[in-house]
Amino acid sequence: MEYVIVNGEFVERSQAKVDIEDRGFQFGDGVYEVIRVYNGKMFTADEHLERLHVSGEKIGLKIPYSVEELKELLAELISKNDLKLGTIYMQFTRGVSPRNHPFPAETIALGFTANIKHVGRPSENMDNGVKALLKEDVRWLLCDVKSLNLLGNLLAKQEAVAAGCFEAIQHRGETVTEGSASNISIVKDGKVFTHPATNLILNGITRRVFLDLCEKNQIPYAEEAFTLTDLLEADEVFLSSTTAEIMPIIHINDKPVGAGAPGPVTKKLQELFLHEIEEQCGKIM
């Protein structure tokens, strides 16, 4: 039996229902987060839940739970489902009201749902690397908000998958922004470059972790925008996300990146990232 959270209450998944006039369903009017679980423990939960609050604030949606209250609810969700290795997905919407574009009255309760997925680490792709496709970034200009409006991301991802690739690397003109579901970084002459945390990208939690690891381990890095030419001439390219961790990109548009294999800086960051996971959640078998 699997349990989910619906409006703060635990219910069996088969009994979970969302009102047809929930604004998340009709408008994508809401925000979400995905938290990785290792050994039954949430990784970087504070960072994810603080970002959830910030995303809500940016669209005028106040999350009615503190970070600590959410952590308690999600820990209970993990326990009820005996989740050892996987993810938690949660979202808050602006609630249920008759369909109308303006925001409903502030007295409307927000919609809140959360569910889990049992899923392992993507070890094969992390070890061997993946292919990516270049795609013009046609999304809106508030990519720093982790909103439910993901159609632009989905279209880019689907085009990549249809071409036999794992990810789409998006760019606005000559400037590389991010992946359809990840942040994108390059390595040149031993130095890591990643797009600065502006409105053009989501400031990924995994991105923040690996930048902190670079700082602590004397790995040169810069939060600087880079171009398509920089990308295609990089020694290494990798993507980072909650579910993919740190994953080498070894081909872009069917052309090899560097030697066409995961590079030493990417491998070092993978090693450091795993150590960070095990520091918080215990050794992963």
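Here a biologist asks about the two domains of a predicted model, and a modeller answers.

Biologist: Which residues make up domain 1 and domain 2 in the domain assignment?

Modeller: The model is predicted. Its protein chain is split by the domain assignment into two parts. Domain 2 covers 123-281, and domain 1 covers 3-118.

Biologist: How far apart are the C-alpha centres of the two domains?

Modeller: The domains do touch: 27 residues of domain 1 are in contact with 21 residues of domain 2. Their C-alpha centres are separated by 26 Å.

Biologist: How much area do domain 1 and domain 2 bury between them?

Modeller: The size of an interface is often given as the accessible area lost when the parts come together. Here, 62% of the buried area is on carbon and sulfur atoms. The total for domain 1 and domain 2 is about 2000 Å².

Biologist: Which three residues supply more of the area that domain 1 buries against domain 2 than any other three?

Modeller: Together these three give 34% of the area that domain 1 buries against domain 2. They are Tyr32, Phe43 and Arg51.

Biologist: Which residue forms a salt bridge with Lys58?

Modeller: A salt bridge needs a side-chain nitrogen of Lys or Arg within 4 Å of a carboxyl oxygen of Asp or Glu. The closest N and O atoms of this pair are 2.7 Å apart, so the pair meets the cut-off. The count between the two domains is one salt bridge. The partner of Lys58 is Asp144.

Biologist: Which element gives the largest share of the side of domain 1 that touches domain 2?

Modeller: Nine residue pairs are in polar contact across the interface. On the domain 1 side, the elements giving two or more residues are α1, β3, β4, α2 and β5. The largest share is eight residues, and it comes from β3.

Biologist: What is the order of the strands in the open sheet?

Modeller: Strands of a sheet pair through backbone hydrogen bonds, either parallel or antiparallel. This sheet has six strands with antiparallel pairing. Its edge strands, β2 and β4, each pair on one side only. The order is β2-β1-β6-β5-β3-β4.

Biologist: Which residue in β5 is the bridge partner of Tyr32?

Modeller: Strands β3 and β5 run antiparallel and are joined by nine bridges. In β5, the residue paired with Tyr32 is Gln91.

Biologist: Which residue in β6 stands opposite Ile88?

Modeller: Eight bridges join β5 to β6, and these strands run antiparallel. Opposite Ile88, in β6, stands Ile116.

Technical notes:
Residues are numbered from 1 along each chain as its sequence is written. This is a predicted model: local features need pLDDT of at least 70, side-chain atom pairs count only at pLDDT 80 or more; totals for chains, interfaces and linings use all residues. Side-chain values use heavy atoms; hydrogens and water are left out. Domain bounds come from an automatic or database domain assignment. Contact means heavy atoms within 4.5 Å. Buried area is the accessible area (1.4 Å probe) that two parts lose on being put together, summed over both. A polar contact is a pair of N or O atoms within 3.5 Å; within protein, one must be able to donate a hydrogen and the other to accept it, and residues adjacent in sequence count only if both atoms are side-chain atoms. Helices (H or I, at least four residues) and strands (E, at least two) are DSSP runs, numbered from the N terminus. Two strands pair if DSSP finds at least two bridges between them.
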